[in-house]
Amino acid sequence: MTFAVPIFFIDLMVLAGFWSLALFSSRFWPYWATGWQLVGLLIHIQRMMFDDILEKPYGLLSMYIAYPILLVILIASLRSGGAVRIQRIHATAK
């Protein structure tokens, strides 16, 4: 259980970062990333509360929770890049 505590605090700081992004953003992806990060944080809390949770499934679950967050950021960056190109096209057409 000792390895869960430093990872918990790192994930807590990442959650605070995503949350602050969500508060000051008008985009959808910070809300999705904050939600997935909260799920990851709750996994750590559950592991710290119950010692009988096996370490291997806990490790895999806490590792694989990052993929949806990365997917949301990837989709947001691709959509944002497309929006910038469309704005440039419209600006040059006027």
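Two helices count as roughly antiparallel when the angle between their N-to-C directions is over 145 degrees. Keep that cut-off in mind as we look at this predicted model.

The chain contains four helices and zero strands, giving the pattern α-α-α-α along the sequence. Some overall values help to set the scene:

| Property of the chain | Value |
|---|---|
| Residues counted as buried, out of 94 residues | 22% |
| Contacts with a separation of 6 or more that join residues 24 or more positions apart | 59% |
| Accessible surface belonging to carbon and sulfur atoms, out of about 7000 Å² | 73% |

Now for a pair of helices. Helix 1 covers residues 4-23, and its axis lies 9 Å from that of helix 2, at an angle of about 160°. Helix 1 and helix 2 are therefore roughly antiparallel, since an angle over 145 degrees earns that description. The crossing of helix 1 with helix 2 is left-handed.

Which residues meet where helix 1 and helix 2 touch? From helix 1 they include Phe8, Leu12, Leu15, Phe18 and Trp19, while helix 2 contributes, among others, Trp29, Tyr31, Thr34, Leu38 and Leu41. The residues of this contact divide into 19 nonpolar, three polar and two charged.

Let us finish with one residue of that contact, Thr34, which sits in helix 2 (residues 29-49). Is Thr34 buried or exposed? Thr34 counts as buried because its relative accessibility is 13%, and the cut-off for buried is under 20%. Beyond its neighbours within four places in sequence, Thr34 is in contact with Leu15, Phe18, Trp19 and Ala22, and these four residues belong to the helix 1 side of the contact.

Notes
Residues numbered from 1 in each chain as written. Predicted model: local features only at pLDDT ≥ 70, side-chain atom pairs only at ≥ 80, totals over all residues. Heavy atoms only, no water. Helix = DSSP H or I, 4+ residues; strand = E, 2+ residues; numbered from the N terminus. Buried < 20%, exposed > 50% of the residue type's maximum accessible area, 1.4 Å probe, protein only. Contact = heavy atoms within 4.5 Å. Areas by Shrake-Rupley, 256 points an atom, 1.4 Å probe, with all protein chains shown as cover. Axes fitted to C-alpha atoms, helices over the stretch in contact; angles between N-to-C directions. Parallel < 35°, antiparallel > 145°, perpendicular 65-115°, else oblique. Left-handed = near helix turned anticlockwise from the far one by under 90°. Nonpolar A, V, L, I, M, F, W, Y, C, P; charged D, E, K, R; others polar.
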